Amino acid sequence: MMSGNRNKTIDIIMEHSPWLKLEQFDWGLITSGIVPKHYKKGTTIYQQQHYSDYIYIVKSGRVRLSIYSSNGEEKCIIIGDQGCVFGELSALDGYPNFAN
């Protein structure tokens, strides 16, 4: 991705983060040339405390973001549907994901 486009992408995401929903937004502006990846229901896309270089956009379906407490208890923090963006914090700040 070219530097100017990357900066524009970061500006858009940071303006609306966390978990923005922009159904009317033309995602082609920032996803040009990217091949979509499909996940089966129940698949873990990334794990809490792991690093990620990717930003995810829900094109269809839903995604559940959850966290685990120190005693292993899972808590759902959001269910995102079409247009939801997630994973952006780790991809932009270089810290591990705080959710699954």
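Which strand holds I67? I67 lies in strand β2. The model is a predicted one, and this residue is a good place to enter it.

Start with the whole chain. Its secondary structure amounts to 3 helices and 4 strands. Read from the N terminus, the elements follow the order α-α-β-β-β-β-α. The chain has 100 residues, and 26% of them are buried. Take the contacts between residues at least 6 apart in sequence: 61% of these join residues at least 24 apart. The accessible surface of the chain is about 7,300 Å². Carbon and sulfur atoms account for 51% of that surface.

Now go to the hairpin. Strand β2 covers residues 63-68, and strand β3 covers residues 74-80. The two strands pair in the antiparallel sense, over 6 bridges. One of the residue pairs is S66 with its bridge partner C76 in β3. The hairpin has 5 residues between the strands. There, G72 takes a positive phi near 90°.

A salt bridge also links the two strands. The side chains of E74 and R64 meet at 3.5 Å, N to O. E74 belongs to β3 and R64 to β2, so the salt bridge ties together parts that are 10 residues apart in sequence. In general, side chains of opposite charge can pair when their charged atoms come close. A search of the whole structure finds 1 salt bridge. E74 counts as partly exposed because its relative accessible area is 35%, which falls between the 20% and 50% limits.

E74 has a second polar partner. Its side chain and that of S66 are joined by a polar contact of 2.8 Å. S66 is found in strand β2. Is S66 buried or exposed? S66 is buried, because its relative accessible area is 3% and the limit for buried is under 20%. Beyond its neighbours within four places in sequence, S66 is in contact with Q48, E74, K75, C76, I77, A99 and N100.

Next in sequence comes I67. With a relative accessible area of 28%, I67 is partly exposed, whereas S66 is buried at 3%. In a regular strand, side chains alternate between the two faces of the sheet. Leaving out residues up to four places away in sequence, I67 touches Q48, E73, E74, K75, I77, F98 and A99. Among the residues that S66 contacts are Q48, K75 and A99, and I67 touches these three as well.

From I67, look across to Q49. The C-alpha atoms of I67 and Q49 are separated by 9.9 Å. Along the chain, the two residues are 18 apart. Where does Q49 lie? Q49 is in the loop between α2 (28-31) and β1 (56-57). Its backbone stands out: Q49 has a positive phi of about 75° although it is not a glycine. Most residues other than glycine have a negative phi.

Finish at the surface, with I77. This residue lies in strand β3 and is one of the residues touched by I67. I77 counts as partly exposed because its relative accessibility is 32%. Which residues form a nonpolar patch with I77? The other members are L89 and F98. Together, the patch residues have about 230 Å² of accessible area. F98, like I77, is among the residues that I67 touches.

Technical notes: Residues are numbered from 1 along each chain as its sequence is written. This is a predicted model: local features need pLDDT of at least 70, side-chain atom pairs count only at pLDDT 80 or more; totals for chains, interfaces and linings use all residues. Side-chain values use heavy atoms; hydrogens and water are left out. Patches are made of residues with over 30% relative accessible area and no salt bridge: like charges are joined within 9 Å, nonpolar side chains (Val, Leu, Ile, Met, Phe, Trp, Tyr) within 5 Å. Accessible areas come from the Shrake-Rupley method with a 1.4 Å probe; for residues, only the protein chains shown count as cover. A salt bridge is a side-chain nitrogen of Lys or Arg within 4 Å of a carboxyl oxygen of Asp or Glu. Buried means under 20% relative accessible area, exposed over 50%, partly exposed in between (1.4 Å probe, protein chains only). Two strands pair if DSSP finds at least two bridges between them. Contact means heavy atoms within 4.5 Å. A polar contact is a pair of N or O atoms within 3.5 Å; within protein, one must be able to donate a hydrogen and the other to accept it, and residues adjacent in sequence count only if both atoms are side-chain atoms.
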